Amino acid sequence: MARKVIMDVDTGSDDAVAIMAAMLSPDIDLKAICTVWGNLDIEHTTDNTLRLVDAMGGDIPVYKGCHTAMVKYLVDDRVPQKRRIALDADGNEIRMHEPELKIPKTDRKPEDMHAVLFYIDYLKNAQEPVTLVAVGPLTNLGHALRIAPEITKNIEEIVIMGGGDKEANITINAEANIWHDPEAAQIILDSGAKVVWVPLDATHAACLTLDDCKKFREINTFPSNFAADLTEGRIAVHNVTQPLDVPNAAAVHDALAVCYVIDPTVLVDLKPVRCFIGLKDLTEGETIIDRREGIIEPNCYFAFSGDRFKFSDMLCEIFKLGKQL
Ligand code: RIB
Ligand code: CA
């Protein structure tokens with residue numbers, strides 16, 4: 001039976017690939033999408049999400065969520081570090097996340113209820129457990145779990161794209177989603193819900209290449225072509241700012257989290273660990289794994305690698321189910 005899923009997104013190029021995969025997969029019953037700020041401001045992440053739902057011809061409700069972190073930006077010295085600027089061969093700036101996805105505008109509007117209130121209402125009343133796939137800063141869930149901790153009873157698992165053991169991307173120790181709202185991430189870890197981390201170690205290993213993009217284009221559906229466009233854009237930026245071990249490749253982080261829900265074996269070395277979130281100075285936003293033997297109880301699962309061939313094959317199969325062009 002298809003798993004009931006709610007996504008939390010900051011759309012975003014890789015979020016867009018993830019949303020398309022979740023909307024199409026017969027193994028996922030996507031109940032709602034909540035938006036949060038992160039890659040872009042909340043107006044853009046919400047508008048991009050609405051456009052994509054429209055372009056996919058779906059009717060998934062979209063709930064607009066938080067525009068900033070729970071605590072962090074109240075403190076001046078926790079402001080962002082310098083953004084890395086990537087330039088193409090002609091000296092033009094290229095971005096991982098353009099402010100607007102290159103798909104038509106939409107009249108579709110978000111639901112009236114705020115995303116935090118939606119989580120509380122939906123999860124209090126759910127008849128069956130729901131899997132949450134959170135691929136942006138964790139602010140919406142942090143607030144929901146603070147206000148109504150009892151909602152964990154209806155959470156099957158919280159799959160988080162974020163963090164890293166050996167990898168980082170926004171500071172020397174932190175990954176962007178967790179660094180944007182570290183307190184929210186710690187609240188989730190403390191909530192008692194089952195947490196599965198899909199960190200940079202997994203998403204970099206399970207990268208997509210230009211060859212994968214070629215395969216997407218051969219499928220020639222709206223989602224396969226759009227995923228190829230987005231992935232090629234990401235490869236161009238990775239090549240300048242953060243080349244991966246595999247040449248001409250990009251992490252399409254958020255889609256890996258969705259594929260885990262469909263087939264957990266796409267994650268490699270998924271292990272129970274004890275993790276906590278750094279909240280200060282150089283550890284801020286770091287997913288710190290406690291490796292002391294014999295004295296620690298695991299509190300989550302952490303994927304130390306990913307299977308890039310399985311990931312690409314899964315996306316190809318899923319995108320074949322999209323609108324033919
Ligand atoms: O660090 C990668 C994550 O940050 C992805 O979820 C990307 O979309 C951004 O939110
Ligand atoms: Ca994201």
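Here is a walk through this structure, beginning at its ligand and ending at its surface. Keep in mind that you're looking at a predicted model.

Let's start with ligand 1. Thirteen is the count to remember here: 13 residues surround ligand 1, and the ones that come nearest are Asp14, Asn169, Glu175, Asn177 and Asp254. If you sort the shell by chemistry, you get three nonpolar residues, five polar ones and five charged ones. Some helices turn up more than once in this shell: helix H1 (13-24), helix H5 (176-180) and helix H10 (253-262) each bring at least two residues to it.

Now zoom in on the oxygen atoms of ligand 1. The side chain of aspartate 14 has an N or O atom 2.6 Å from one such oxygen. Asparagine 169 also uses its side chain, with a polar atom 2.8 Å from an oxygen of the ligand. Valine 135 takes part through its backbone instead, where an N or O atom sits 2.9 Å from a ligand oxygen. How much of ligand 1 does the protein cover? On its own, the ligand has 280 Å² of accessible area, and the protein covers 96% of that.

While you're in this part of the chain, look at the loop between strand S1 (3-9) and H1, where you'll find glycine 12. The peptide bond between threonine 11 and glycine 12 is cis, with omega at about -15°.

Next, move to helix H7 (residues 200-205), which holds threonine 203. Is threonine 203 buried or exposed? Its relative accessibility is just 1%, so threonine 203 counts as buried. The side chain of threonine 203 does have a polar partner, though: it makes a 2.8 Å contact with the side chain of histidine 253.

Time for the charged pairs. The structure holds 21 salt bridges, and a few are worth a visit. Take glutamate 43 and lysine 64, whose side chains meet with N and O 2.9 Å apart. This pair links distant parts of the chain, since glutamate 43 belongs to helix H2 (residues 42-55) while lysine 64 is in the loop between S3 and S4, 21 residues apart. Both ends are partly exposed: glutamate 43 has a relative accessible area of 47%, and lysine 64 has 27%.

Helix H8 (residues 210-219) shows a more local arrangement in lysine 215 and aspartate 212: these two are three residues apart in the helix, so about one helical turn separates them. Their side chains form a salt bridge at 3.9 Å, N to O. The two partners differ in how much they show: lysine 215 is partly exposed at 39% relative accessibility, whereas aspartate 212 is buried at 7%.

H8 also reaches out to its neighbor in the sequence. Arginine 217 forms a salt bridge with glutamate 232, with 2.9 Å between the closest N and O atoms. Because arginine 217 is in helix H8 and glutamate 232 is in helix H9 (residues 222-241), the pair ties together parts that lie 15 residues apart in sequence. Glutamate 232 is partly exposed at 30%, and arginine 217 is partly exposed too, at 32%. Salt bridges can also join up into something bigger than a pair: Lys4, Asp29, Lys31 and Glu128 are linked in a network of them.

Between H8 and H9 there's a loop, and asparagine 220 is found in it. What is unusual about the backbone of asparagine 220? Its phi is positive, about 55°, although this residue is not a glycine. Asparagine 220 is partly exposed, with a relative accessible area of 34%. Aspartate 281 has a positive phi as well, about 50°, and again it is not a glycine. You'll find aspartate 281 in the loop between strand S11 (267-277) and strand S12 (287-290). With a relative accessible area of 68%, aspartate 281 counts as exposed.

Last stop: the surface. Val71, Leu74 and Val75 make a nonpolar patch there, covering about 260 Å². Of these, valine 71 sits in the loop between strand S3 (62-63) and strand S4 (86-87), and its relative accessibility of 34% makes it partly exposed.

Terms used. Residues numbered from 1 in each chain as written. Chains lettered and ligands numbered in written order. Predicted model: local features only at pLDDT ≥ 70, side-chain atom pairs only at ≥ 80, totals over all residues. Heavy atoms only, no water. Patch = residues over 30% accessible without salt bridge, like charges linked within 9 Å, V, L, I, M, F, W, Y side chains within 5 Å. Areas by Shrake-Rupley, 256 points an atom, 1.4 Å probe, with all protein chains shown as cover. Salt bridge = Lys/Arg side-chain N within 4 Å of Asp/Glu carboxyl O. Helix = DSSP H or I, 4+ residues; strand = E, 2+ residues; numbered from the N terminus. Buried < 20%, exposed > 50% of the residue type's maximum accessible area, 1.4 Å probe, protein only. Near = heavy atom within 4 Å. Polar contact = N/O pair within 3.5 Å; in protein donor to acceptor, adjacent residues only side chain to side chain. Nonpolar A, V, L, I, M, F, W, Y, C, P; charged D, E, K, R; others polar.
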